[in-house]
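Here's a walk through how the chains of this assembly meet. Have the viewer open and flip between chain pairs as you read.

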Protein chains: 10
Amino acid sequence: MPFPEVTEKLLAAKKAKGLSFADLEAKVGRDEVWIASVIYRQASASEEEATKIVEAIGADSAFIEPLTECPVKGGLDPLVPTDPLMYRFYEIMQVYGMPVKAVVHEHFGDGIMSAIDFSIDVEREEDPKGDRVKIIMCGKFLPYKKW
Amino acid sequence: MPFPEVTEKLLAAKKAKGLSFADLEAKVGRDEVWIASVIYRQASASEEEATKIVEAIGADSAFIEPLTECPVKGGLDPLVPTDPLMYRFYEIMQVYGMPVKAVVHEHFGDGIMSAIDFSIDVEREEDPKGDRVKIIMCGKFLPYKKW
Amino acid sequence: MPFPEVTEKLLAAKKAKGLSFADLEAKVGRDEVWIASVIYRQASASEEEATKIVEAIGADSAFIEPLTECPVKGGLDPLVPTDPLMYRFYEIMQVYGMPVKAVVHEHFGDGIMSAIDFSIDVEREEDPKGDRVKIIMCGKFLPYKKW
Amino acid sequence: MPFPEVTEKLLAAKKAKGLSFADLEAKVGRDEVWIASVIYRQASASEEEATKIVEAIGADSAFIEPLTECPVKGGLDPLVPTDPLMYRFYEIMQVYGMPVKAVVHEHFGDGIMSAIDFSIDVEREEDPKGDRVKIIMCGKFLPYKKW
Amino acid sequence: MPFPEVTEKLLAAKKAKGLSFADLEAKVGRDEVWIASVIYRQASASEEEATKIVEAIGADSAFIEPLTECPVKGGLDPLVPTDPLMYRFYEIMQVYGMPVKAVVHEHFGDGIMSAIDFSIDVEREEDPKGDRVKIIMCGKFLPYKKW
Amino acid sequence: MPFPEVTEKLLAAKKAKGLSFADLEAKVGRDEVWIASVIYRQASASEEEATKIVEAIGADSAFIEPLTECPVKGGLDPLVPTDPLMYRFYEIMQVYGMPVKAVVHEHFGDGIMSAIDFSIDVEREEDPKGDRVKIIMCGKFLPYKKW
Amino acid sequence: MPFPEVTEKLLAAKKAKGLSFADLEAKVGRDEVWIASVIYRQASASEEEATKIVEAIGADSAFIEPLTECPVKGGLDPLVPTDPLMYRFYEIMQVYGMPVKAVVHEHFGDGIMSAIDFSIDVEREEDPKGDRVKIIMCGKFLPYKKW
Amino acid sequence: MPFPEVTEKLLAAKKAKGLSFADLEAKVGRDEVWIASVIYRQASASEEEATKIVEAIGADSAFIEPLTECPVKGGLDPLVPTDPLMYRFYEIMQVYGMPVKAVVHEHFGDGIMSAIDFSIDVEREEDPKGDRVKIIMCGKFLPYKKW
Amino acid sequence: MPFPEVTEKLLAAKKAKGLSFADLEAKVGRDEVWIASVIYRQASASEEEATKIVEAIGADSAFIEPLTECPVKGGLDPLVPTDPLMYRFYEIMQVYGMPVKAVVHEHFGDGIMSAIDFSIDVEREEDPKGDRVKIIMCGKFLPYKKW
Amino acid sequence: MPFPEVTEKLLAAKKAKGLSFADLEAKVGRDEVWIASVIYRQASASEEEATKIVEAIGADSAFIEPLTECPVKGGLDPLVPTDPLMYRFYEIMQVYGMPVKAVVHEHFGDGIMSAIDFSIDVEREEDPKGDRVKIIMCGKFLPYKKW
């Protein structure tokens, strides 16, 4: 599953300039995960945001417009991901999905955590026994409508 | 995919007693998601922890021992979950998996977030536009060994 | 994929009493599709709603409580449904999914139609060349959050 | 699953001209979803309709004939779509498919809603709590023939 | 994939009485394949037809009502059937599906052969080199609606 | 699943010349479905037949030899076809496969309808309520050998 | 995938009597693989053959009739078998399938080896470096019919 | 699943020269199925064998070395093959796999027929009722090691 | 995928007696992994070995015979295992399979490591930074036969 | 599933120079399997290591940087590998996975063998009855965290 051409080009330009996503966060004023999502064509930027991203990377302005399109999302991974880092998310869902569901329903009632009105952040938690990756997902609770 | 018998029995006893997982957290001294994982047979408890859980629920002591066994984990959901709440985790992995991978590697190098030396918490974030579900995953970063 | 016991029992009682879902709509004050969803354990009712449904059907009051539980949803059909009526929804998604996506994005921007803050109705449209089934889905537009 | 070349070309020309599908609806005299279906090669147009579409877009007349061919339909999405907007249709089928089937049979008897003698419309329903996407599917009821 | 109980019971009673489906065709006045479809719960009979079938078989009248229900169809075979007789239909679809599609479109335009307003018959064609199985499928041509 | 190059080229030449498969049937002396199968590389022609087909189409004689090769058959459709016309064959197999199997065994004993010593024809059946597509499959009955 | 009850019962009776399939071959006058296929419900016996098998095993005569039914074949293994002995047949098909196809077509033209007018035998080939399993499959060549 | 380039080139050269695999068997001194396996890149030849094959075909000597590489085997067919000739091997495994397993274990004990220390031959068996394809598989019996 | 009854019974008896597989290794004189494989019905024991195992566990002698049968192996895990410990073996195969294949071929030529003439051992490697699990697989190299 | 371009190029250069992975082990000071994993893009090297590998192979220095990137791992094999050597690892997991799990838990408690803090080695064990492939996997035991 190759990346779209615009993704390949922007990642290459970013690497050539030695920029991290954290650098882009500082320049664009949006979270680095969201910016990465725009570049991997999983999210769409406004024209202003797209311009900032492309200029920060120093890429051709022809790449601005493609970042504003509503992409067909998902599909970068196989059905069950084989990459070990990404598989761990699948494993967490398999192992802890049902317990989390039970706890969410007890706290919020019947409904879901939105994956649209949603943010996801990556943080480092320092720990003498080895630093830890902290991933914070935060989505609006959406109760089921009755009609 | 029916739940194991011990799970069915403990959930029924817990409901009959009107206890929430949060109540169990208060009585057992462990996080409610972890306790739910033990009951759904996705995690194993020590004998002391299992005793506390079973006694808090007021269930037969014959259920203590099964909670201490190392379960065959996963498999409660289908390959791609159909339950909307649980599918959202799958969707997040499909949409944000690759961007998160890119950011984690920039911050930590090549390796993974452990799903074993790992915790997952559910919190409510109050918000005037509708409260939000916050899910915090925290796992040790494991760098790839070279040999 | 057998139905849950409560579903089997309520459907049998409903048939024995000669009630249609439209009859239940009249008695319960909720749409017949939603009531069917509660009975098939795809939606959860309040205690008051569940009581009305069970009493309207004339079933044992022991079935009230199970209708209030948050069910594990989906999974009644196989991955691709084989029943011709249900397959048609799959076919519509395969054939018209991408065109509908393009039109929704032009009208609303990047986001989705919620399947949670959502209703679905079945109507008969009379037509001299043969009556038509009208299915109206209506869900809140959820724009993607940026962060 | 890349789009056919004719689709790519017509979408690019349409974008270059700043036309929406609604604009095409006004010019061609057919619903915008149907026009999008023709362009995505999920439906076939008459020569007259194809000419109107291609001329409205201002594309090369060589694209007229391909729009009149009977396409191999479906296959733009994976078996279970990963795009969140399109997945919601799959989720609706999984969650509400069986209840809708039960209600349709009660109203119409044994048979199906045709997906061929069929139309699908997208509308905006204004709502102070957030506008709603309304999708109206309307297909002829086809009773099973006995022989 | 076991058969429904009513199917098992009626097939056993039919065998005990030494009746073929052709015998039932003579007694019920419907084609033997259609009668078999009712018994395998792939089609629904009117009360009158169901009564004739059950009486012809000499089974308990409690089996009449179940034959009138609208069944969840399909699902007796796996996704790709393993039984050699049934696999041949799959093979024919794989090998001749596209050529048949091309020919149907040339003769009828864009649309399908209905599988609902449809009949299927089995005949024996005598042949000195070995008799042949003739299967005749006949469905209404349904042209695609435009809107 | 793109078609082989020879298929693409011959279909384009046939279209350019305005020939239908029925026209080819008249010129080649073989059924139109079989000729389509040769062109889609699902069947192999003799050199004489291939020559007639290629000459009738007016294509380059370099295409004669490829039509005589024994192709790797099937694989033009996905496992479960998404094209509505082709899916109907899959649906017929899912719904009527088991009843047809039962009837065939009653008439012929244990064995199959050959899909090799086999022909398939498409006919139009005129009907005032809408013409019908008639598909006639005819294959030698092959009884199981015992040894 | 459990075996049918008749299979379980006959295998148990055969074991209790200490009979091998080779013993049955001697008593029944049919090849041991074919007899095993009847008992595993992959082939159907005549009443006379079924009587001989059941009597040789010393089982209840109620098992005679079930062995004469035309079974739904296949399905004892998963899609890709996990048992190492049975997987080797899958592996042989994956590795040598295409070369065998090429050679068969060169010798016989376009067609197949029948799996119906077919026998399969197991033999031991003595070899000082370790005895070998010899499996001989022999099926009628069926050339494709043209029409 | 296209063939590797070396396969395509050697098959084309072989055809241009009008050679059958049987001709190659005579020139190379190895069985035709094995030679076909080398050319389809399912087996590896020694340099001497590869030279003989390439010279017999009259192809460029640059193709010698690729035939000596250890290939990634399998994968020319889909999971379940769609080509009728190759599917028959799959069907034989589904229908006769378990009976053959039972017979092999009775004759040899627990273990497998090797698919590595293994040969497969294709023969023609003349028969007045139609010639037969005989496929002889012969692999070393490997008993399970205990430790 | 439930375990066979004999497995459930022997594991329960073993637990009741407080025996580890290492204890059984000491009593039976075979490796603990092999003994576990016999009990999970993945390997077959001689009558003498089965007797020792059953007596060591103190279970009913009726369980001796079932341990000597040649089991249908595999199938305890799903296609891709969800249990994290077992998934790691799948991950190792996905990530390191191709490099290991390349190295094995350089050292041994074309062939495989037998999984039949094979042993697998589990050892603890003490390590001040955390003990390590050592898994040693050892199988006879089987070179491909040419014929 | 073709290899990445950098893999193809480095393998070709390595072959042209006649180097084995064991030769690279001697020159680079890392295990040959790990080096192969870097070249197959399943592991990432430091710049120093990448330089050593590329220089040892005598390839263009432009290939150094790609070897330091964190790759998307896995995906070189299909879901269930078809190559016989690689399938054996899958078979070992299917057959011995559950017994190994049981033994690991008895020795180490609930947790896993890490596939990240992990090494895998290939050794030859000389044996008069045929040399053996020894594969040693060694990963840190990770106990489940409780919280």
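## Ground rules

Buried area here means the accessible area, taken with a 1.4 Å probe, that two parts lose on being put together, summed over both. This is a predicted model: local features need pLDDT of at least 70 and side-chain atom pairs count only at pLDDT 80 or more, while totals for chains, interfaces and linings use all residues. Residues are numbered from 1 along each chain as its sequence is written, chains are lettered from A and ligands numbered from 1 in the order in which they are written, and side-chain values use heavy atoms, with hydrogens and water left out.

## Chains I and H: the contact

Between chain I and chain H, about 2,800 Å² gets buried, and carbon and sulfur atoms give 63% of that. Ile116(I), Lys146(I) and Trp147(I) do a good deal of the work: they supply 33% of the area that chain I buries against chain H, more than any other three residues. Contact (heavy atoms within 4.5 Å) takes in 33 residues from chain I and 33 residues from chain H.

On the polar side, chain I and chain H share four salt bridges, a salt bridge being a side-chain nitrogen of Lys or Arg within 4 Å of a carboxyl oxygen of Asp or Glu. Lys146(I) turns up here again, in a salt bridge with Glu49(H) at 2.9 Å, N to O. There are also 14 residue pairs in polar contact between the two chains, both partners at pLDDT 80 or more. (A polar contact is a pair of N or O atoms within 3.5 Å; within protein, one must be able to donate a hydrogen and the other to accept it, and residues adjacent in sequence count only if both atoms are side-chain atoms.)

Which elements of chain I give two or more residues to the side that touches chain H? They are helix H3 (32–39), helix H6 (84–108), strand S1 (111–125) and strand S2 (132–143) of chain I; helices (H or I, at least four residues) and strands (E, at least two) are DSSP runs, numbered from the N terminus. S1(I) gives the largest share, nine residues. By type, this side of chain I splits into 16 nonpolar, six polar and eleven charged residues. Ala, Val, Leu, Ile, Met, Phe, Trp, Tyr, Cys and Pro count as nonpolar, Asp, Glu, Lys and Arg as charged, and the others, Gly among them, as polar.

## Chains I and H: the symmetry

Lay chain I on chain H and you get an RMSD of 0.0 Å, with a turn of 180° and a shift of 0.0 Å along the axis. The two copies are thus related as by a two-fold rotation axis. Ser114(I) has the C-alpha of chain I nearest that axis, 4.6 Å away. Both copies use the same surface, as 100% of the contact residues of chain I recur in chain H. The superposition is by least squares on the C-alpha atoms of residues with pLDDT of at least 70 in both copies.

## Chains D and C

Now for the other pair. Chain D and chain C each put 72 residues into their contact, and about 6,900 Å² is buried between them, 69% of it from carbon and sulfur atoms. Leu85(D), Met98(D) and Val133(D) supply 10% of the area that chain D buries against chain C, more than any other three residues. Six salt bridges cross this interface; one of them joins Glu106(C) to Lys14(D), with the closest N and O atoms 2.6 Å apart. Another 26 entries are residue pairs in polar contact, both at pLDDT 80 or more. H2 (21–28), H3 (32–39), H6 (84–108), S1 (111–125) and S2 (132–143) of chain D each supply at least two residues of the side that touches chain C. H6(D) brings the largest share, 24 residues, and the whole side divides into 42 nonpolar, twelve polar and 18 charged.

Strands meet across this interface too: S2 (residues 132–143) of chain C pairs with S2(D) in the antiparallel sense over nine bridges, where pairing needs at least two DSSP bridges. Met137(C) stands opposite Ile135(D) in S2(D). Chain D can be laid on chain C with a turn of 180°, a shift of 0.0 Å along the axis and an RMSD of 0.0 Å. Ile136(D) comes closest to the axis of the residues of chain D, its C-alpha at 2.3 Å.

## Elsewhere in the assembly

Over all chains, the structure holds 130 salt bridges. Arg30(A) and Glu49(A) form one, with the closest N and O atoms 2.9 Å apart. Arg30(A) lies in the loop between H2 (21–28) and H3 (32–39) of chain A and Glu49(A) in H4 (residues 47–57) of chain A, so the pair ties together parts 19 residues apart in sequence.

Some chains don't touch. No contact joins chain A and chain E, whose closest C-alpha atoms lie 18 Å apart, and none joins chain C and chain G, where the closest C-alpha atoms lie 16 Å apart.
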